[in-house]
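Student: Hi! Could you walk me through this structure?
Tutor: Sure, let's look at it together.

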Amino acid sequence: TPSRAGRSTEDLAAARARAFGGQELSYDRPLHLVSGKGVELRAADGRRYLDAYNNVPVLGHSHPAVVAAARAQLATLNTNSRYLQDAPVELAERLLGTVPERFDRVLLVNSGSEANDLAWRIARHATGSSGGIATEWAYHGVTEATYAFSPESWRDAGPPAHIRVVPPPPTDPAAVVDAARSLAGSGHGVAAMLVDGVFTSEGVLGPAHEWTRAAAAAVHDAGGLYVADEVQAGHGRTGLHLWSFAAGDVPADLVTLGKPMGNGYPVAAVIGPAALVDPFVRGTDYFSTFGGGTAACAVALAVLRTIDDENLVDRAAVVGSHLLGVLREVANDHPDLSAVRGWGLALAVDVVDPATGRPDADRAGRIVEGMRDRGVLIGRTGRDRATLKIRPPLVFDDDDVDQLATALAATCAELH
Ligand code: PMP
């Protein structure tokens with residue numbers, strides 16, 4: 001099957017390199033995709049791949065409810081939220097029905113980065129402070145403000161002057177108290193701490209609710225806001241609740257959503273209380289052209305409805321627990337797979353050098369490549385780049401679990 005442009009994979013890869021330079025492309029041999037349906041992606045060479053990596057299509061690729069909502073809305077009306085329209089209001093009402101009662105406002109934007117950037121601006125506006133706290137290997141976005149919260153991106157460059165980092169759980173959350181003290185000492189004070197509810201880039205460490213509650217308390221004591229970044233953890237991924245912070249009664253002040261919110265259509269949001277959001281909106285004349293666009297809202301509504309209709313949060317819990325058990329069995333047979341963690345369909349397997357027990361990035365990379373050769377897509381994460389990241393669409397089923405486990409066992413056996 002040729003791609004839409006009809007180019008060979010080799011020509012397309014060369015053209016991509018000319019246009020995009022060194023921008024990352026997954027896999028040693030590029031994966032040239034032409035279509036996707038459910039948990040399956042199809043490549044230009046006709047091969048099918050089980051998608052156990054992409055957390056954006058929570059409902060599965062090309063879900064008919066999403067396609068129908070986008071098609072109908074694009075064919076009818078798609079304009080900005082300064083006009084009175086049904087979809088943005090319905091979406092906001094529906095979202096507010098899923099979060100604790102203290103939240104009463106929704107700001108609609110286009111990406112997770114934009115949501116976090118906006119949360120940061122609201123926090124700065126509300127607190128008058130200019131300091132931020134992130135976890136050690138966090139990722140929160142591409143804008144200047146969110147890049148500052150993303151040690152995974154700045155790496156050796158070190159933090160900007162207004163940012164402190166703390167080790168992720170399981171560690172002593174007292175580090176947040178120290179970080180806040182340091183920011184007070186430097187004159188920044190604490191405007192906000194941003195926390196990814198599943199600590200994805202740290203190696204998928206799970207909701208860690210006790211830690212996050214303590215971190216939020218420390219931030220509050222310092223006069224700052226706690227931002228629950230649900231871009232990865234939200235929309236049912238953990239199998240606990242639509243939102244991971246809500247499952248653990250974490251006293252978040254602002255909540256940011258993205259990635260799965262449109263199942264691939266760009267749409268994101270900040271949810272907060274009127275007391276924080278209203279002064280910001282008034283004081284800054286807040287408006288976004290595409291944020292809250294009609295089609296984006298229609299799609300986001302279809303996603304929330306489908307998660308309910310297909311009972312995907314519970315399903316993530318059930319299938320995720322099956323997958324966790326099966327991954328543990330595979331790890332028992334392979335000394336290069338050490339810790340296995342999982343919450344719903346956010347799962348991780350640490351890869352080590354069996355001789356030393358140390359994290360082994362090279363081996364993890366070879367496992368990801370070997371899985372691809374066996375038709376299964378997973379990823380790699382963590383500071384050591386030695387943690388396998390398994391984050392399939394929430395419609396993953398038991399057969400998919402078996403296919404993944406068989407591929408992992410075969411890949412590891414081949415590496416020994
Ligand atoms: N927050 C988290 C936790 C993320 O994982 C990401 C994206 N990987 C973002 C924010 C940024 O979202 P986007 O790429 O949509 O800007």
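Student: How far apart are the C-alpha centres of domain 1 and domain 2?
Tutor: Those centres lie 26 Å apart. Keep in mind that this is a predicted model.

Student: Okay, and which residues belong to which domain?
Tutor: Domain 1 is made of 9-59 + 311-415, while domain 2 covers 64-309.

Student: How many residues does each one put into the contact?
Tutor: Domain 1 gives 23 residues and domain 2 gives 26 residues.

Student: On the domain 1 side, what supplies the largest share?
Tutor: That would be helix 12, with five residues. Helix 12 spans 312-333, and strand 11 (337-343), strand 12 (346-351) and strand 15 (387-390) also supply at least two residues each.

Student: What kinds of residues are on that side of domain 1?
Tutor: There are 14 nonpolar, six polar and three charged residues on the side of domain 1 that touches domain 2.

Student: New topic: the sheet! What's the strand order in the open one with seven strands?
Tutor: The order reads 4-10-9-8-7-5-6, and the pairing is mixed.

Student: Which strands sit at the edges?
Tutor: Strand 4 (105-109) and strand 6 (163-166), each pairing on one side only.

Student: Do strand 4 and strand 10 run parallel or antiparallel?
Tutor: Antiparallel, with five bridges between strand 4 and strand 10 (residues 268-272). As one example, valine 109 has alanine 268 of strand 10 as its bridge partner.

Student: And which strands does helix 4 touch?
Tutor: Helix 4 (residues 112-127) packs on the sheet and touches strand 4, strand 7, strand 8, strand 9 and strand 10. Its direction makes about 25° with that of strand 10.

Methods
Residues numbered from 1 in each chain as written. Predicted model: local features only at pLDDT ≥ 70, side-chain atom pairs only at ≥ 80, totals over all residues. Pairing = 2+ DSSP bridges. Helix = DSSP H or I, 4+ residues; strand = E, 2+ residues; numbered from the N terminus. Contact = placed C-beta atoms within 7 Å. Axes fitted to C-alpha atoms, helices over the stretch in contact; angles between N-to-C directions. Domains from an automatic or database assignment. Nonpolar A, V, L, I, M, F, W, Y, C, P; charged D, E, K, R; others polar.
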